[in-house]
Amino acid sequence: IEGNKHQMKHVYEQMVLVFHLMSVWLSTCFCVSASDFICMLFGETYKLSNMTVVLISIQLYLTVVVVASRSIQNATGSHSIDAKAMIVQAFSVIILSILGGKIWGLNGILIGNIVPQFLFSFINKNMRINNVIFEESIGKSVKRDLYFLVTFVIILIVNIIAALQIKTNSY
């Protein structure tokens with residue numbers, strides 16, 4: 001499929017969909033079961049706040065969903081299209097995590113990781129790959145990414161509400 005951009009784009013879109021579905025599944029399962037698991041295994045003392053669990057779920061979603069973009073970048077050798085953005089992301093993570101950690105603790109550190117990863121890996125990387133490699137309009141790429149993000153948020157909220165309605169034994 002190297003020489004056929006149309007077929008390569010089709011495979012990439014399938015990968016994006018698969019990784020989106022997988023990341024939604026992993027993130028929502030983690031969000032719904034993490035607190036009970038921690039309480040059962042380590043005790044109530046180590047239970048994470050609901051906000052921390054949601055932030056870790058969002059971080060997990062963003063980490064898994066960008067695997068398709070990184071894979072196509074590796075396959076095509078097109079690392080240079082966003083190299084500067086990745087450097088800015090690294091420094092942003094360090095600065096925002098330190099500042100967030102000082103202000104909000106663990107949640108601030110997570111937010112300091114989520115914001116740059118969302119802007120640089122989720123939005124910018126996908127936008128650049130679709131624009132440069134597949135010659136797709138930026139608007140179409142952003143629209144698809146926002147659609148995936150909205151579906152993730154809706155599924156996450158529905159799962160959190162459903163989990164809150166289910167009574168579990170206290171460990």
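E13 forms a salt bridge with R144, and their closest N and O atoms are 4.0 Å apart. E13 sits in helix α1 and R144 in helix α6, so this pair ties together parts that are 131 residues apart in sequence. Keep in mind, as you look around, that this is a predicted model.

**Salt bridges across the chain**

How exposed are the two partners? E13 is partly exposed, with a relative accessible area of 31%. R144, in contrast, is buried, at 19%, because the cut-off for buried is under 20%. The two also belong to a network of salt bridges that links K9, E13, E136 and R144.

A search of the whole structure finds six salt bridges. Here are three of them, with the N to O distance for each pair.

| Pair | Distance between N and O | Where the residues lie |
|---|---|---|
| E13 and R144 | 4.0 Å | helix α1 and helix α6 |
| E135 and K5 | 3.8 Å | loop between α5 and α6, and helix α1 |
| D82 and K125 | 2.8 Å | loop between α3 and α4, and helix α5 |

The salt bridge between E135 and K5 links distant parts of the chain, 130 residues apart. E135 is exposed, with a relative accessible area of 63%, while K5 counts as partly exposed at 40%. The D82 and K125 side chains also meet in a salt bridge, and here the partners are 43 residues apart. Are D82 and K125 buried or exposed? Both of them are buried.

**Helix α4 and its two sides**

Now let's turn to helix α4, which covers residues 83-104. With 22 residues at 1.5 Å a residue, α4 should span 32 Å, and its end C-alpha atoms are 30 Å apart, which agrees.

Which residues of α4 are buried? They are A85, Q89, S92, V93, S97 and G100. These residues cover an arc of only 135 degrees around the axis, which puts them on the same side of α4. A handy rule helps here: an α-helix has 3.6 residues a turn, so residues three or four places apart point the same way. Part of what covers the buried residues of α4 is helix α5, residues 106-133.

The other side of α4 carries the exposed residues K84, F91 and K102. F91 also helps to make a nonpolar surface patch of about 600 Å², together with I87, I94, I95, I98 and L99. I87 is found in helix α4 too. Just after α4 comes G105, whose phi is positive, near 75 degrees.

**Helix α3, a second example**

You can read helix α3 in a similar way. Its buried residues are A68, S69, I72 and Q73. Seen down the axis of α3, they fall within an arc of 135 degrees, so they line one face of the helix. N74 and A75 are exposed, on the face turned away from the buried side of α3.

What covers the buried residues of α3? The cover includes α1, α2 and α5. α3 is followed by G77, which has a positive phi near 65 degrees.

**Putting it together**

Helix α5 turns up in several places: it is among the cover for the buried residues of α4, it is among the cover for those of α3, and it holds K125, the salt-bridge partner of D82. Helix α1 holds K5 and E13, and it is also among the cover for the buried residues of α3.

Definitions and conventions:
Residues numbered from 1 in each chain as written. Predicted model: local features only at pLDDT ≥ 70, side-chain atom pairs only at ≥ 80, totals over all residues. Heavy atoms only, no water. Expected span 1.5 Å × (residues − 1). Buried < 20%, exposed > 50% of the residue type's maximum accessible area, 1.4 Å probe, protein only. Arc of directions from axis to C-beta. Contact = heavy atoms within 4.5 Å. Patch = residues over 30% accessible without salt bridge, like charges linked within 9 Å, V, L, I, M, F, W, Y side chains within 5 Å. Areas by Shrake-Rupley, 256 points an atom, 1.4 Å probe, with all protein chains shown as cover.
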